[in-house]
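Here are my notes on the model you sent, set out as numbered points. I begin with a pocket and then turn to the sheets and the helices that lie across them.

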Amino acid sequence: MKPQLLTAAALLTAVTFTAHAQAPAPVTPESLVTAAKRAAGLDYAGTFLRICVAPDNLNAGGPRGAAPETRTVPDRALWYARPYKVFDNLYFIGTRIHSAWALTTSAGIIVIDTLFDYAIETEMIDGMTALGLDPRTIKYVLISHAHGDHDQGAALLQNRYGAKVVMGAADWDSTLQRPASAPGGVPKRDIAVGPEGLKITLGDATVDVIATPGHTPGTLSYFFPVKDAGRTLTVAYSGGTAFNFPRRAANFAIYRDSQRKMTEVAEAAGPTVLMTNHTEFDRAYDRARIAQLPRAPGEKHPYETDMATVLRYFEMAANCAEAQRLSTQ
Ligand SMILES: [Zn+2]
């Protein structure tokens, strides 16, 4: 009798599950925003507001964030940040607003993102020198996407130090259309990354470059190892965040799919650090400074979290994009 009873119970459970599966809750922009809010939690609340609650392209006439046509230099007090060693092999050389990093390897330096041209000398060159790094050993400059706040330093680092500039193929196309008088100049095409991505190895470090179109057609994101007091952690670096592209369903689908791709790669790579290239999205300026403080025994690095928290970033971003895609149809 008992086995039969169990079988009946199991059958009933199966029927219940089937009934649920047949009538899933409808996916709506509202349900996706709710899911994104849950995924964001307190970790990504600001990013959630920026892309889920008030996306930049909601009422905008066209893309924003492109390189300004005329060079404007804001008051230094608004952007200047001191440089900081943040991990054993990763140095913050960005401004209060935009991140730039020097990743040191056994065979030279990989620079990750540059800044507006007014900040290159002060933040990146002087910053590296102040930290004991030699800018002449820069071998690669990775550009997450071709907007002026991240790429205007590329030409200088290429011309002065012979560094190879790495950019998404579609973003090279737009970059090479700029006039020679564009702020920071125009870099020559070095390494163009296609949809299949690329691994860049320099000495003892490898950066896994992932094509994540969406913010721009050639946006790149990265996975790379950093060391915290000798312990290796994996960073997931998201190369483009805001919805400032033309508001079309197809564009949101591309963005969404890139976030899902990052989730897939992250599940295999096991990152416990999430970085972006605007300090508002990953608190880089604050974390770089907190990293200078002594830590209690067992206290984590201010950038270290767990893999589930990193994955929630990409889940939030995919849900926000899908919510916007559905609302534009
Ligand atoms: Zn941008």
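**Notes on the predicted model**

1. The second largest pocket has a lining of 17 residues, and those nearest its centre are Asp43, Tyr44, Phe281, Arg283 and Arg287. Please keep in mind throughout that this is a predicted model. The volume of this second largest pocket comes to about 260 Å³. Sorted by class, its lining holds 7 nonpolar, 4 polar and 6 charged residues, while helices α3 (45-53) and α10 (279-282) each contribute at least two residues to the lining.

2. Turning to the sheets, one open sheet is built from 7 strands in the order β1-β2-β3-β4-β5-β6-β7, with mixed pairing. Its edges are taken by β1 (84-87) and β7 (191-193), and because each of these has a single partner strand, one side of each is left without a neighbour in the sheet. From one strand to the next the twist averages 25°.

3. Within that sheet, strand β2 (residues 90-92) runs antiparallel to strand β3 (residues 101-105), and the two are joined by 3 bridges. If you wish to check the register by eye, phenylalanine 92 has tryptophan 101 in β3 as its bridge partner.

4. Which strands does helix α7 lie across? Helix α7 (residues 154-161) lies across β4 (108-112), β5 (138-142) and β6 (164-168), and the helix runs at about 160° to β5. Its buried residues are Ala154, Ala155, Leu157, Gln158 and Tyr161. The spacing within such a list can be read against helix geometry: an α-helix has 3.6 residues a turn, so residues three or four places apart point the same way. The cover over the buried residues of α7 includes the strands β4, β5 and β6 together with α5 (117-130) and α6 (148-151). After α7 comes glycine 162, which has a positive phi near 70°.

5. A further open sheet consists of 5 strands in the order β8-β9-β10-β11-β12, and here too the pairing is mixed. The edge strands are β8 (198-202) and β12 (273-276), each with a single partner strand, so that one side of each is left without a neighbour in the sheet. The twist from one strand to the next averages 25°.

6. Strand β10 (residues 220-228) deserves a separate comment, since I would look there when inspecting this sheet. The strand is mostly covered, with 7 of its 9 residues buried. Strand β9 (residues 205-211) is antiparallel to β10 and joined to it by 4 bridges, and the partners in β10 are phenylalanine 223 for aspartate 208 and tyrosine 222 for valine 209.

7. On the pairing of β10 with strand β11 (residues 231-238), the sense is antiparallel and the pairing extends over 7 bridges. Tyrosine 222 has tyrosine 237 in β11 as a bridge partner, in addition to its pairing with valine 209. The two strands β10 and β11 form a hairpin with 2 residues between them, and alanine 229 in the turn has a positive phi of about 50°.

8. Finally, two helices lie across strands of the sheet described in points 5 to 7. Helix α9 (residues 249-269) lies across β9, β10 and β11 and runs at about 25° to β10, whereas helix α12 (residues 307-327) lies across β11 and β12 and runs at about 40° to β12.

Conventions
Residues numbered from 1 in each chain as written. Predicted model: local features only at pLDDT ≥ 70, side-chain atom pairs only at ≥ 80, totals over all residues. Heavy atoms only, no water. Pairing = 2+ DSSP bridges. Axes fitted to C-alpha atoms, helices over the stretch in contact; angles between N-to-C directions. Contact = heavy atoms within 4.5 Å. Buried < 20%, exposed > 50% of the residue type's maximum accessible area, 1.4 Å probe, protein only. 1 Å grid on protein atoms, 1.4 Å probe; cavity = no way out; pocket = protein on both sides within 12 Å on 5 of 7 lines; lining within 4 Å. Points joined across faces, edges and corners; volume = space filled by probe spheres on them. Nonpolar A, V, L, I, M, F, W, Y, C, P; charged D, E, K, R; others polar.
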